[in-house]
Structures are given as C-alpha cells and as structure tokens.
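Here are my notes from going through this one. Have the chain open beside you while you read.

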Amino acid sequence: MALETRRQALVDRLGELTGRIEKIEDTLEMPHSKGWEEQAIEREGEEVLEDLGDQGVAEIAMIRAALARIEDGSYGVCVTCGEDISEERLDVLPATPYCRNCAR
C-alpha cells in the first residue's frame, strides 16, 4: 500500500474517532433521570461510554504519532529496534510503531 494511501486511511480514521468521541461527550453531558433505578442504569451505560471514549483517545494518540512519523520520514520503522515493520503488519495496524518482534 502506498504511503499516501496509508496516510489518508489514518486521517480518515482520526476523523471517525473524533466524531465518535464528540458524540460520547455529548451523551455523557445529558442530564440524569430523577429515579434512582434509571440513574443506576444510566451510570452503567456511562461507564461503557467512558471506556469506549478512553480507547478512542488512546487510538487518536497512536494515529497522531503515526502521522508525525510519516511527516518526519520514520513511518514503517520500528521505534524500538529500527527494523522495517512488515507491510502486512501495517495493513492490519497502520498506526503501530513496533515490528512484530518488538510488539511481543
């Protein structure tokens, strides 16, 4: 896959995640119900949304770091050992900073 194609895929994913996190934040800011049973259910749902939001924020950080590596010319090179990251691995995990061996 060409570098520009990977960069565009990362930018697209970044946009998706940003939109998702904005929706999560909007949902979390909604007022709670007055009944305690409804509040308990809402709080459980909020915990799930918060976990999804945290995962999204972590992925956004990885994507931004990958985009920075593209800009500085180090994308596709393992940050630990300096070896090339396989194309197959980048196809599956385009934001990964590690080769297969160092990821273990």
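The points below go through the helices and then some individual residues.

1. A caveat before anything else: this is a predicted model. Please read every distance and angle below as a value computed from that prediction.

2. Start with helix α1, which covers residues 3–28. Its 26 residues take it 37 Å from first C-alpha to last, and the expected figure at 1.5 Å a residue is 38 Å, so I'd call that close, going by the expected span of a helix. The buried positions in α1 are R6, L10, L14, L17, I21 and I24. As for what they pack against, the partners are α2 and α3, the latter being residues 87–92.

3. Helix α2 runs over residues 36–72. With 37 residues, α2 reaches 53 Å between its first and last C-alpha, close to the 54 Å expected at 1.5 Å a residue. Just after α2 comes G73, and its phi is positive, near 85 degrees. That is worth a look when you check the end of the helix.

4. Buried residues in α2 are E46, G53, G56, I60, I63, A66, L67, R69 and I70. Note that E46 and R69 are both on that list, just as R6 is on the one for α1. Part of the cover over the buried residues of α2 comes from α1.

5. How do α1 and α2 sit relative to each other? Their axes come within 9 Å and cross at roughly 155 degrees. Angles over 145 degrees count as roughly antiparallel, and the pair is therefore roughly antiparallel. The crossing of α1 past α2 is left-handed. Sorted by class, the residues in this contact are 16 nonpolar, four polar and seven charged.

6. Now E46, which belongs to α2. Is E46 buried or exposed? Its relative accessible area is 14%, and because the cut-off for buried is under 20%, E46 counts as buried. Setting aside neighbours within four places in sequence, E46 is in contact with L28 and H32. Of these, L28 is the residue where α1 ends, as that helix spans residues 3–28.

7. L49 is also an α2 residue. At 21% relative accessibility, L49 is partly exposed, because buried would need a value under 20%. Beyond its neighbours within four places in sequence, L49 is in contact with I24, T27 and L28. For one of these, T27, the C-alpha atoms are 8.6 Å apart in space, with the two positions 22 residues apart in sequence numbering. I24, another contact of L49, is one of the buried residues of α1.

8. Over in α1 there is A9. A9 comes out as partly exposed, with a relative accessibility of 38%. A9 and P94 are 85 residues apart along the chain, yet their C-alpha atoms are separated by 8.4 Å.

9. Last, helix α4, residues 100–103, which contains A103. A103 is partly exposed at 42% relative accessibility. Outside its neighbours within four places in sequence, A103 is in contact with R89 and Y98. R89 falls within α3, given that helix's range of 87–92. A103 and C78 lie 25 residues apart in sequence, and their C-alpha atoms are 9.4 Å apart in space.

Methods
Residues numbered from 1 in each chain as written. Predicted model: local features only at pLDDT ≥ 70, side-chain atom pairs only at ≥ 80, totals over all residues. Heavy atoms only, no water. Helix = DSSP H or I, 4+ residues; strand = E, 2+ residues; numbered from the N terminus. Buried < 20%, exposed > 50% of the residue type's maximum accessible area, 1.4 Å probe, protein only. Contact = heavy atoms within 4.5 Å. Axes fitted to C-alpha atoms, helices over the stretch in contact; angles between N-to-C directions. Parallel < 35°, antiparallel > 145°, perpendicular 65-115°, else oblique. Left-handed = near helix turned anticlockwise from the far one by under 90°. Nonpolar A, V, L, I, M, F, W, Y, C, P; charged D, E, K, R; others polar.
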